[in-house]
Each structure stands twice: as C-alpha cells, then as structure tokens.
Amino acid sequence: MSENQNLLAEQRRALILDEVRRRGGVRVNELTRKLGVSDMTVRRDLDALARQGVLEKVHGGAVPVVEASTHEPGFEAKSGLELTAKEDIAQAASELVAPGSAIALSGGTTTFALAHHLLDVPDLTVVTNSVRVADVFHAAQRTTGPRQGAATVVLTGGVRTPSDSLVGPVADQAIAALHFDVLFLGVHGISVEAGLSTPNLAEAETNRRLVQSARRVVVIADHTKWGTVGLSSFAALEQVDTLVTDAGLPAGARAEVSEHLRRLVVAGETDEEQTAD
C-alpha cells in the first residue's frame with residue numbers, strides 16, 4: 001500500500017482488510033504510515049470493518065475473523081467489500097455475454113454487479129435465483145418502460161437465504177427443467193481441494209443444479225475467495241470453464257487455477273500480461 005491522502009473510504013478499507021488478511025494482523029500506527037491518514041481515520045475504518053464482521057479489533061490494531069465453515073454473511077455485509085474488484089470483474093464478465101443468449105446468474109454481490117452491465121445487451125433471457133439480480137432488470141424496465149430487446153427474466157422461486165438467493169426444492173425443480181448457454185456463478189469460496197463451496201447446504205444443491213444445466217460455467221470471484229472453504233462443496237474446479245477474477249490473485253494461485261481451468265481472465269489485464277504472470 002502506498003501513501004495516498006485522496007483514497008476513498010471504501011478503497012482504504014479494502015486495502016486495510018487485504019493487509020490484515022495477508023499478514024494475519026496489523027497495528028494502527030502501521031496503517032497511518034502506509035495510508036498517509038490520521039490515527040482517527042484508521043480507527044473509524046477499523047470500526048466500520050468490524051461492524052461488517054470481516055475483522056476483529058484488538059488493542060492497538062486488528063486481526064482477521066476466523067469464520068466457521070457454516071458462517072454465511074448477509075447480502076448487505078458482503079456488498080461493501082472489494083467494491084472496485086467486483087466492478088472490474090463485472091465489466092470483464094459482461095464481455096463474455098453474446099446478444100440473444102440464454103444465461104443464468106446465481107446469487108451474490110458480484111453477479112449483482114454484473115447484472116447492471118447487462119442491461120444494454122439485447123435480447124437476453126436471464127434465469128436467476130437471486131432476488132437482487134432480478135430487481136436490477138425489473139427496476140430498469142420500470143424506469144425506462146418497455147423497450148425492444150429488453151431482457152426476459154426468469155426468477156426461479158424458492159426459500160430465501162441471507163444472501164437473498166432462492167434455494168430449495170422449488171428452485172431446484174425449476175432449474176432442472178431449463179438449459180442455458182452460460183452460467184455466471186458467484187461463490188463463497190474456491191480452492192483446489194474443495195472446488196467451489198458455500199456455507200449453505202440448500203444453496204449448494206441449487207448451485208449444483210445450475211452447473212448441471214449450463215453449457216459453460218463462468219465463476220466470477222474476487223481474489224479474497226481463493227482458499228476459502230465453506231461447509232458444502234458443489235462443483236470441482238474441472239467443471240468450471242472460466243474464472244474471472246481481479247489482479248489481487250497471487251501468482252501461485254494463478255498457476256494452480258490454470259492447471260485446472262480452461263481459461264483464467266484477470267480483470268484489467270491483457271492476455272499478454274496474464275501470460276507473463
């Protein structure tokens with residue numbers, strides 16, 4: 001982290017959280033030097049991150065929260081994290097969507113960001129089990145009125161999770177009867193050993209159905225998801241065609257991903273830069 005007086009609050013907090021996770025803890029005076037801000041600003045940032053449940057304040061600094069494999073943060077708690085990375089990933093993922101295709105978007109804050117980038121892609125059929133994703137398209141139609149080429153949205157139904165995803169038998173049955181060209185899948189965790197995982201057992205089964213119904217599977221996940229393992233695995237890495245992530249993914253993780261997936265897309269980097277890494 002370089003010193004910068006002009007960082008936005010969300011950028012500072014993302015940098016602080018990344019530093020805490022990378023080093024296993026950090027002191028307030030270290031952050032004030034690195035960020036070039038006051039002690040009071042750093043403490044406010046730590047308070048905000050602690051309220052989101054992503055770190056724990058200790059005397060003089062902060063340490064990571066060790067989450068149980070069953071811990072499932074709510075949508076609002078996750079929506080404030082890695083905002084820049086999610087936006088970059090959403091932009092890159094939107095370039096993989098062809099007009100007129102049938103796509104599926106799972107629940108999650110990154111798929112929510114992606115939905116905003118798809119509003120102008122014509123003639124899409126969008127299948128989703130995310131209330132938030134469906135609301136993006138419906139809100140756009142309410143604002144602009146009916147227009148030619150607007151997406152047709154199919155919301156699966158089901159039981160609502162803390163992440164505002166719809167899961168369970170109703171969702172599973174609806175998804176099993178459908179077939180889509182590409183699935184864009186947000187994940188709680190991704191690793192070589194556990195593959196794709198979630199802390200919610202019902203959501204794991206619904207995600208499993210989504211994977212089975214898709215011709216291509218694209219995982220959209222920021223670098224903090226790498227190495228995280230939830231309670232239930234629902235797909236192996238070999239079942240994923242493409243991972244779209246951000247530049248924060250370390251070189252070692254990139255090498256591991258490339259051994260198991262057909263394609264790795266790092267948002268903001270050219271193919272040549274990714275190959276060099």
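Author: The expected span of a helix is 1.5 Å times one less than its number of residues, and this rule can be tried on the model above, which is a predicted one.

Reader: What span should helix α7 have, and how far apart are its end C-alpha atoms?

Author: Helix α7 covers residues 131-144, and because its 14 residues at 1.5 Å a residue should span 20 Å, the separation of 20 Å between its end C-alpha atoms agrees with the expectation.

Reader: Which residues of α7 are buried, and what do they pack against?

Author: An α-helix has 3.6 residues a turn, so residues three or four places apart point the same way. In α7 the buried residues are Val 131, Val 133, Ala 134, Val 136, Phe 137 and Ala 140, and the buried residues of this helix pack against elements including α6 (109-117), β4 (102-105) and β5 (125-128).

Reader: Which residue caps the N-terminal end of α7, and what phi does Gly 145 take just after the helix?

Author: The cap is Ser 130, with a side-chain oxygen 3.3 Å from the backbone nitrogen of Arg 132, while Gly 145, just after α7, takes a positive phi of about 80 degrees.

Reader: How is the packing of two helices described?

Author: Two packed helices are described by the angle between their axes and the distance between the axes. Here the axes of α1 (residues 9-23) and α3 (residues 39-51) come within 10 Å and cross at roughly 75 degrees; the two helices are therefore roughly perpendicular to each other. By class, their contact has five nonpolar, one polar and four charged residues.

Notes. Residues numbered from 1 in each chain as written. Predicted model: local features only at pLDDT ≥ 70, side-chain atom pairs only at ≥ 80, totals over all residues. Heavy atoms only, no water. Helix = DSSP H or I, 4+ residues; strand = E, 2+ residues; numbered from the N terminus. Buried < 20%, exposed > 50% of the residue type's maximum accessible area, 1.4 Å probe, protein only. Contact = heavy atoms within 4.5 Å. Polar contact = N/O pair within 3.5 Å; in protein donor to acceptor, adjacent residues only side chain to side chain. Axes fitted to C-alpha atoms, helices over the stretch in contact; angles between N-to-C directions. Parallel < 35°, antiparallel > 145°, perpendicular 65-115°, else oblique. Nonpolar A, V, L, I, M, F, W, Y, C, P; charged D, E, K, R; others polar.
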